[in-house]
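Please open the structure in a viewer and keep the sequence at hand. The tour below proceeds by selections, each followed by a description of what is found there.

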Amino acid sequence: METPPEMHFARAEDGVTIGYQVFGQGPVLVWMPSLSNILAQWRIPAMRATYTALARNLTVVLYDGRGMGSSDRRIDLADLGVEAHLRDLRAVLDTAGLRKASLLGYYHAVATAIAFSAREPERVDRLVLFGGAPRMSEAMRPAQTQALLSLVEQDWGLFADAAAAAWLGWDSAPSGRWTAAAFRTATTAPVAKAWFEAARHIDVTGELGRVRAPALVLHRQNEQQIPVEVFRRLAGSLPDARLVELPGTTPTLFMEDSANDVRLVTDFVTGAGTGAQTPPTTDFVTGAGAGAQTHPTTDFVTTAQTGAQAPPTPAAGLPPGSPAARLTPREVEVLGRLAVGDANLEIARRLGIAVHTVERHLGNIYRKIGARGRTDAVAYALHRMPETRHPG
């Protein structure tokens, strides 16, 4: 697609206006939002390619949640729980004339997708769930996520840049600039803070057993992100679900192995995946009710079997041979303060050193880890150095 599809607008029952797009052909897949600006996301080359690829076999619906992107920014910041997100989804489905659809719950939207499927099962064909959890506090618990969230109020621009780098990988190339711009323009810091604060209290675990739609639970995270056990519990608690552990280390769909991700989601939503080839490094788990165990006949392909190289497991402290292993203890402290948003003066005050000493340490840090500046260093700390996330 050369240009983004036309924007349409739905009005939720509480009067909030929701911006959405519909494009493609085939069974309907509603890609539910987290921190989103769908117009800006079309400028990201990888996302544009993904939308185009999905649209070959699916009718894709994208929308911005309340307070985000093209949707109404004038919202009640105290009303951002799951009920508000359900109102947004219903408004889009009803206005677009969609009686039934498959749902892609992405990060923040995982809990909303589960709740809608449990409460209105006649409107949901299939569920694809990635990156979130029915108890959202579990999805927000990783230290990297906490470090990123600490930047929301302190420096919104730095948060957007660091989130894009964490999303795409430390050494991501041109897409990083467009992704950061999409995050930065998605909303304002106060709205984002309210969204994340409300998310901490969202818990739909009690509704898992009422979900009737077949579910595909996807996981691609490194050791600094949400543990796979969270997704294994999710798949095991849904009546009809399987878990696919995808190869890779960036916490995204459609970025690291786009062709395989698109094929996996498309085959599942269209029902063409019955005889599909098992993707590499995949662990399928079937759900058989709460507390279900891994099915004894489950397919399991390890990285050793596929010949893929497993990501290095960090030792205690810094990974051996990494650029950061050359940092001095004081430089690690400075980088840790940088990662939580402290300015040079604040770093100097907290560490009891002069500002010019902080600047000297930062120059050494940038040189040793190959950073181009403050944003690169923050992204590196969040992505590669677990011990810098919560400095004392």
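**First selection: helix α2**

Select helix α2 and colour Met47, Thr50, Tyr51, Ala53, Leu54 and Ala55, which are buried; buried means under 20% relative accessible area, exposed over 50%, and partly exposed in between, with a 1.4 Å probe and protein chains only. Helices (H or I, at least four residues) and strands (E, at least two) are DSSP runs, numbered from the N terminus. The model shown is predicted: local features need pLDDT of at least 70, side-chain atom pairs count only at pLDDT 80 or more, and totals for chains, interfaces and linings use all residues. Residues are numbered from 1 along each chain as its sequence is written, and side-chain values use heavy atoms, with hydrogens and water left out.

Now display what surrounds the helix. The buried residues of α2 pack against β2, β3, α1, β4 and α11, where contact means heavy atoms within 4.5 Å.

**Adding helix α11**

Add residues 258–270, helix α11, to the selection of α2, residues 45–55. The two helices pack at an angle of about 35°, and their axes are 10 Å apart. Axes here are lines fitted to C-alpha atoms, for helices over the stretch in contact, and angles run from 0 to 180 degrees between N-to-C directions. Show Thr50, Ala53 and Leu54 on α2, together with Ser258, Val262 and Thr266 on α11, for these residues make the contact.

**The strands β1, β2 and β4**

Next, select strand β1 (residues 8–11) and strand β2 (residues 17–24), which run antiparallel and are joined by four bridges; two strands pair if DSSP finds at least two bridges between them. Phe9 has Gly19 of β2 as its bridge partner. The two strands form a hairpin with five residues between them, and Gly15 in the turn has a positive phi of about 95°.

Extend the selection to strand β4 (residues 59–63), which pairs with β2 in the antiparallel sense over five bridges. Here Leu62 of β4 is the bridge partner of Gln21.

**The enclosed strand β7**

Move to residues 215–219, strand β7. Why is β7 described as largely enclosed by the rest of the structure? Five of its five residues are buried, so the strand is largely enclosed. In a regular strand the side chains alternate between the two faces of the sheet. In β7, Ala215, Val217 and His219 point one way, and Leu216 and Leu218 the other way.

Then add the neighbouring strands. Strand β6 (residues 124–130) runs parallel to β7 and is joined to it by four bridges, with Val128 partnered by Leu216. Strand β8 (residues 241–245) also runs parallel to β7, over five bridges, and Val244 of β8 is the partner of Leu218.

**Two single residues**

Select Leu35, in the loop between β3 (28–31) and α1 (38–41). Leu35 counts as buried, at 16% relative accessibility. Leaving aside neighbours within four places in sequence, Leu35 is in contact with several residues, among them Met68, Trp156 and Phe183.

Finally, select Lys368 in helix α15 (residues 355–369). Is Lys368 buried or exposed? Lys368 is buried, with a relative accessible area of 15%.

**The whole chain**

Zoom out to the complete chain, which has 16 helices and nine strands. Of its 392 residues, 55% count as buried.
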